[in-house]
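Biologist: I am new to reading protein models, and I would like to learn by asking about one. Could you walk me through it, feature by feature?

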Amino acid sequence: MGPFDREMMQAALEEAREAMAWGDVPVGAVVTRGEQIVGRAANQREKRGDPTAHAELFALRAAADRIEGWRLDGCTMYVTLEPCAMCAGAIVLARLDRLVIGATDPKAGFAGSLGDLVRDPRLNHAVEVETGVLADECGAVLRDFFRDRR
C-alpha cells in the first residue's frame with residue numbers, strides 16, 4: 001500500500017460520506033487508470049429505489065464512458081467496503097486489473113470473505129486484490145452510520 005492507494009481510498013471515502021446525505025449505506029468507489037480518476041460514485045439504492053444501485057456499478061459505468069469502452073484493463077477500483085457478489089461479478093466482467101478494498105465484509109463480501117469471485121480460477125479473468133487500505137476509517141464510517149440508524 002503506497003501513498004497513492006491511500007489518497008484514492010480517501011477519495012472513495014468522500015463518496016461514501018456523500019451517500020449518507022441521502023440515507024444510503026456509506027459505500028464509495030473510485031476507478032483509476034494510471035494516476036487519473038476515470039470514475040467515481042456512491043451507493044444510491046435508497047436515493048433511486050434500485051437494489052442494483054451500488055457504488056461499484058456506477059463507478060464502472062462512469063469509467064467505461066470516460067474510456068469509451070467496457071474493457072477496463074489497466075484500471076484499479078478503490079472501494080470502501082468489499083464488493084458483494086453482483087459487484088464482484090461486474091468487476092471481473094469489466095476486466096479490472098486490480099481491486100483495493102478498505103473494510104472487508106464477512107457477511108456479503110465476494111472478494112475473499114464469504115466467497116472469492118474476483119479470483120476464481122474457473123473464470124476467464126482474475127483480479128489482483130489488496131485489502132485493508134484505510135480499513136479502520138472505512139469501517140468507522142459504516143459503524144457510525146448503522147449506530148445512528150438504530
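Biologist: Let me start with a single residue: does Arg98 count as buried or exposed?

Modeller: Keep in mind that this is a predicted model. To settle such a point we look at relative accessibility, and under 20% is called buried. Arg98 has 16% relative accessibility, so Arg98 counts as buried.

Biologist: Where is Arg98 found, and which residues does Arg98 touch?

Modeller: Arg98 is found in strand β4. Leaving out residues up to four places away in sequence, Arg98 touches Asp5, Cys75, Thr76, Met77, Tyr78, Val127, Glu128 and Glu130.

Biologist: That list has some acidic residues in it. What should I look for there?

Modeller: Here is the general idea: side chains of opposite charge can pair when their charged atoms come close. In this model, Asp5 and Arg98 meet in a salt bridge, at 2.8 Å from N to O. Asp5 lies in helix α1 and Arg98 in strand β4, so this pair ties together parts that are 93 residues apart in sequence. Both Asp5 and Arg98 are buried.

Biologist: Which residue of β5 forms a salt bridge with Arg98?

Modeller: That is Glu130, with the closest N and O atoms 2.9 Å apart. Glu130 lies in strand β5 and Arg98 in strand β4, so here the parts tied together are 32 residues apart in sequence. Glu130 counts as partly exposed because its relative accessibility is 21%. If you step back, Asp5, Arg98, Glu128 and Glu130 are linked in a network of salt bridges.

Biologist: How many salt bridges does the count come to, and where could I find one inside a helix?

Modeller: The count comes to eleven salt bridges. For one inside a helix, try Arg147 and Asp144, whose side chains meet at 3.0 Å, N to O. Both lie in helix α5, three residues apart, which is about one turn of the helix. Asp144 has 32% relative accessibility, so Asp144 counts as partly exposed.

Biologist: Now the strands. In what order do they form the sheet?

Modeller: The open sheet has five strands in the order β2-β1-β3-β4-β5, with mixed pairing. At the edges stand β2 (36-42) and β5 (128-131); each has a single partner strand, so one side of each is left without a neighbour in the sheet. Neighbouring strands are turned by 15° against each other on average, ignoring direction.

Biologist: Which pairs are parallel and which are antiparallel?

Modeller: Take them one at a time. β1 and β2 pair in the antiparallel sense over six bridges, and Val30 has Arg40 in β2 as its bridge partner. These two strands form a hairpin with two residues between them, and Gly34 in the turn has a positive phi of about 65°. β1 also pairs with β3 in the antiparallel sense, over five bridges, with Ala29 opposite Val79 in β3. β4 (residues 98-103) and β5 pair in the parallel sense over four bridges, and Ile101 stands opposite Thr131 in β5.

Biologist: How do I picture the side chains along a strand, and how enclosed is β1?

Modeller: In a regular strand the side chains alternate between the two faces of the sheet. As for β1, five of its six residues are buried, so β1 is largely enclosed by the rest of the structure.

Biologist: Which helix lies across β1?

Modeller: Helix α3 (residues 55-67) lies across β1 (28-33), β2 and β3 (75-81), and runs at about 145° to β2.

Biologist: How many residues does the largest nonpolar core have, and what supplies them?

Modeller: The largest nonpolar core has 47 residues, and Met77, Leu99 and Val118 have the most contacts inside it. Several elements each supply at least two residues, including α1, β1, α4 and α5. Helix α3 gives the most, with six residues. Beyond its neighbours within four places in sequence, Met77 is in contact with residues including Ala29, Ala59, Leu60, Ile91 and Leu99.

Biologist: Last one: at what angle do α1 and α5 pack?

Modeller: They pack at about 5°, with axes 10 Å apart. That makes α1 roughly parallel to α5. The contact is made by Met9, Gln10, Leu13, Arg17 and Met20 of α1 and by Glu137, Cys138, Val141 and Phe145 of α5.

Terms used:
Residues numbered from 1 in each chain as written. Predicted model: local features only at pLDDT ≥ 70, side-chain atom pairs only at ≥ 80, totals over all residues. Heavy atoms only, no water. Pairing = 2+ DSSP bridges. Axes fitted to C-alpha atoms, helices over the stretch in contact; angles between N-to-C directions. Contact = heavy atoms within 4.5 Å. Buried < 20%, exposed > 50% of the residue type's maximum accessible area, 1.4 Å probe, protein only. Core = buried A, V, L, I, M, F, W, Y, C linked by side-chain atoms within 4.5 Å. Salt bridge = Lys/Arg side-chain N within 4 Å of Asp/Glu carboxyl O. Parallel < 35°, antiparallel > 145°, perpendicular 65-115°, else oblique.
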